[in-house]
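Here are some exercises to work through with the structure open beside you. Try each task before reading its solution.

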Amino acid sequence: MATIEASLNLDHGSDDEHHGPDLYTNDEGHPIDNLSNSLTAGPCGPLMMADSLFLETMSSFNHERIPPRGVHPNGIGAYGVFEVTHDYSQYCSAPILSEVGYTCRVFARFSNTIGDAGTSDLAPDVHGLALKLYDKEGNTDFAMTSHEVFGISDPMKFASFVHCQRPNPCSYLPDQNALWDFIIHNQEAINAMMHVHSHEAIPNGYEHMDAYACHAYKLLTKDGKTTYARFKCKTNQGLEFLNPKEAAEISGKDPHYFRRRLYELIQNGEYPSWILEMQLMTLKEAEELGYCYSNITLAWDEDKFPFHEIGTITLNEIPGNHFEHTEQAAFCVDNLPCYIEGHQDPAFTGRAFAYKNAQQYRLGVNGRHLKVNRPKNEVHNLNRDGHMCIYNQGCEPNYYPNSMGGPQIKSKCKPTETKICDVVKRYKSDTKHQKIQAGEFYKSLTEEQKKVLVSNLAGSIRPTRKDIQKKSMDLLKEVDHELAKRVEKKMKEMDLNPDP
Ligand code: HEM
């Protein structure tokens, strides 16, 4: 059978006949004599077209960039290990939830959402943690963020949600009008916005950050039991946050503080780790919840649905090359093992399309062949050819079924049968429970944390146009009257004393 490793075998002869790592070569492997001086006719030029080494180096440089991620472009990655520590076989038959002691390799990529690659890690932004478990069942991915709720539940709104947080298309400056204009027209976003403007806005480094998958997943057992779950990564280093002033100070000196810290910890052998946890909900509890259990703009009450420890993720290896591993990594919510299913909400299904579509643009159709994206299992199917094909499955039959000894379909894993009987139409997003949860979040804060939220909201709403400001304040009043009053007061104080 053809394997990726065999396809990558570059050993065309014995080692002592070929150059080792201590010799500069061109891209074809020929030794070169100079990488500093181009070939010119005389010391003042002109440059010779015959300088194939210059042409190769220049054109390679010109093609160095690939399209960056449309969101989360600023990131850093590390390899590590996941170990299952608790048995949930009564809820799920997937090894990552049922086989205590099972370990597999992981790749983790941390990011912020909006800032371009190279911008400050410390911007008050939603931070991402994407995980790829090289599971024996196939790649299992979780792309999570630092807040337990997301801003929108309908993927149709994703482009607008991202655009309103990007620089203004005309001035290319941050635009609070666009952000709050979006929020007042899509009021389900207020729950996430409370978290985004709270003391949780800026972690003190990725190692001090929790991350939430937000979606409800369906857990299944071999004998047909179904339970819903929401996953989270809980930091073992303890949650720590920076206030905007502290963050600005650090950012001024070291805008890449988060990535530097992460790699320093790994280099020093102080491997950062997270506990993979989940909340569980029965189908009956989901029916009685009063709102849609799978809506990602809403959280599950932690008192009723506590988090349960599954296993530990420890990051212990810095990838040898940032671009090769971190930039080319490709995650997708839909990469799941048998007995764990997604697609319980429209955003999940929207993401299942969006990520792979984005990666085909970013990496090409064969991006999945790259080392960081390859599953540990051998891949045998009908997918062939395309740009940059590294692994084309040798002489295996490329049609199915066949009598040529091709790979066999043996898996008993089938998607659960779901009866759907509802009206197909464009449903409006619910906003009632988001306001209730936003109010509960405010009430749950300490006085110190309330002050931070009030100050951040005031700073965010104050630069907006008067009509947008008024509607934003009306929305805050629906969340909590006291909060709205305090934000209004804070904005007046800021007007009197803009630079405290
Ligand atoms: C509402 C629908 C959503 C859509 C359409 C969407 C779309 C995308 C797209 C297109 C990318 C870039 C993928 C790539 O180029 O490889 C991305 C990245 C990312 N998204 Fe989403 N997203 C959505 C919701 C979410 C949610 C709910 C979360 C977390 C709970 C999330 C977390 C992330 C993370 C962490 C990344 C960076 C992945 C990496 O490091 O490569 N997204 N998203």
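Helices here are DSSP runs of H or I with at least four residues, and strands are runs of E with at least two, both numbered from the N terminus. Please keep in mind that this is a predicted model.

**Exercise 1. Overall build**

Task: Find how many helices and strands the protein chain has, and judge its radius of gyration against that of a compact globule.

Solution: Start with the secondary structure, which comes to 15 helices and 10 strands in the protein chain. Next, take the extent: along its principal axes, the C-alpha trace spans about 80 × 70 × 45 Å. A compact globule of 500 residues would have a radius of gyration near 23 Å, so the 26 Å of the protein chain agrees with that. Then turn to burial, where 34% of the 500 residues are buried. Finally, look at the contacts with a separation of 6 or more: 72% of them are between residues 24 or more positions apart.

**Exercise 2. Strand 1 and its partners**

Task: Work out which strands pair with strand 1, and in which sense.

Solution: First locate strand 1 at residues 74–84, where eight of the 11 residues are buried. Counting a residue as buried takes 20 or more other C-beta atoms within 10 Å of its own. Now follow the bridges. Strand 1 runs antiparallel to strand 2, and 10 bridges join them; Val-81, for instance, has Arg-105 as its bridge partner in strand 2. Strand 9, residues 308–317, also pairs with strand 1 in the antiparallel sense, over six bridges. There, Phe-82 has Ile-313 as its bridge partner.

**Exercise 3. Around the ligand**

Task: Describe the shell around the ligand by residue, by element and by class.

Solution: Of the 30 residues around the ligand, those that come nearest are His-72, Arg-109, Gly-128, Ala-130 and Ala-358. The elements giving two or more residues to this shell are strand 2 (103–112), strand 3 (127–135), strand 4 (138–145) and helix 11 (346–363). Helix 11 gives the most, with eight residues. To finish, sort by class: the shell has 18 nonpolar, eight polar and four charged residues.

**Exercise 4. Two domains**

Task: Locate the two domains and describe where they touch.

Solution: Begin with the domain assignment, which gives domain 1 as 74–181 + 200–369 and domain 2 as 433–496. Their centres, taken over C-alpha atoms, are separated by 28 Å. The contact takes 10 residues from domain 1 and 12 residues from domain 2. On the domain 1 side, the touching residues divide into five nonpolar, four polar and one charged.

Notes: Residues numbered from 1 in each chain as written. Predicted model: local features only at pLDDT ≥ 70, side-chain atom pairs only at ≥ 80, totals over all residues. Near = placed C-beta within 6 Å. Nonpolar A, V, L, I, M, F, W, Y, C, P; charged D, E, K, R; others polar. Buried ≥ 20, exposed ≤ 12 C-beta atoms within 10 Å, placed from the backbone. Pairing = 2+ DSSP bridges. Domains from an automatic or database assignment. Contact = placed C-beta atoms within 7 Å. Rg over C-alpha atoms; globule rule 2.2 N^0.38 Å.
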